[in-house]
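Visitor: I'd like a close look at one part of this model, please. Could you take me to the nonpolar patch on its surface and then show me what else is worth a visit?

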Amino acid sequence: MLLTFLKGFGAGSGLIIAIGAQNAFVLSHGVRKNHYIIIPLICAICDALLIILGVTGMGTLIASSKNFSLIAGIGGAVFLFIYGIRSFRSAIRGGSLSANQKAESSLKTAILTTLAVTLLNPHVYLDTVILLGSISSQFKQPGHIFFGAGAVMASFIWFFSLSIGGKMLAPLFTKESSWRILDTLVGITMWAIALSILKGLFAF
C-alpha cells in the first residue's frame, strides 16, 4: 500500500505544482504575509474534499454534467479576468513591503477570495475530481483510498511550502520593481487561465 500511496503523492504533486491560479494566489499572499496560514489551509482542504469525491467515484458523474461545466467555466473565467485586472493595477501602482507590514485584507475577504480562486476554476475539478479520480479507479479496494491519501498529502505539503516560502522571500519585495514583476506575472497567469477556460468551453 505504501507504493500506491507514493503513486498518489506523485500524481497529485504533478498536477498541483503546475503553474495555476491557486499557486499564483497563494504565493502572492505568502509574500505579503497576508493570512499565509489560513489561505493554504483552505486550498489544501478544498483539494482534499475534491480528491475524496474523485476517488469515491463522483468524477464520472460531475464530468457528464455539461451545465455544471458551462456555468463553472464562465464564472471562473470572469472571476480570474477581474482578479487579473486588479493585479495589473497593482503592478502599475507599484509599492514595497516593509519587513513588519501586516496583512492588508480582512480574514473574511481572504477566505472568500481563496474559495473563489479555488472553486470557480474548472481546472481544479479536472485535476482533482476527474483526473485523480480516474487514475485511482485502476487500483483495487482499498488501494484507491491510499492513492487518494497520497494526493491529499501532496496538496497540503505543496500549498504550505508555497505560502511559507513566499513569506521567506518577503525581504526581496522591499523593492518596488519586485512587486511590479510579481503582480504582472500573477495578472498574466490569471488571464491566461481565463482564456484557456473559455477556449475549452467554446472551442474558438
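Guide: Happily! Leu 70, Ile 74, Val 78, Phe 81, Ile 82, Trp 191 and Phe 202 make a nonpolar surface patch of about 610 Å². Patch members have over 30% relative accessible area and no salt bridge (a side-chain nitrogen of Lys or Arg within 4 Å of a carboxyl oxygen of Asp or Glu), and nonpolar side chains (Val, Leu, Ile, Met, Phe, Trp, Tyr) are joined within 5 Å. Areas come from the Shrake-Rupley method with a 1.4 Å probe, and for residues only the protein chains shown count as cover.

This is a predicted model, with residues numbered from 1 along each chain as its sequence is written. Local features need pLDDT of at least 70, side-chain atom pairs count only at pLDDT 80 or more, totals for chains, interfaces and linings use all residues, and side-chain values use heavy atoms, leaving out hydrogens and water.

Helices α4 (66-93) and α8 (176-202) each supply at least two of the patch residues; helices here are DSSP runs (H or I, at least four residues), numbered from the N terminus. The most comes from α4, with five residues. Leu 70 belongs to α4 and is partly exposed, at 37% relative accessible area; partly exposed lies between buried (under 20%) and exposed (over 50%), with a 1.4 Å probe and protein chains only.

For a contrast in setting, turn to His 144 in helix α7 (residues 143-168). His 144 is buried, with a relative accessible area of 13%. Leaving aside neighbours within four places in sequence, His 144 is in contact (heavy atoms within 4.5 Å) with Val 55, Ser 136 and Phe 139.

Key: Patch = residues over 30% accessible without salt bridge, like charges linked within 9 Å, V, L, I, M, F, W, Y side chains within 5 Å.
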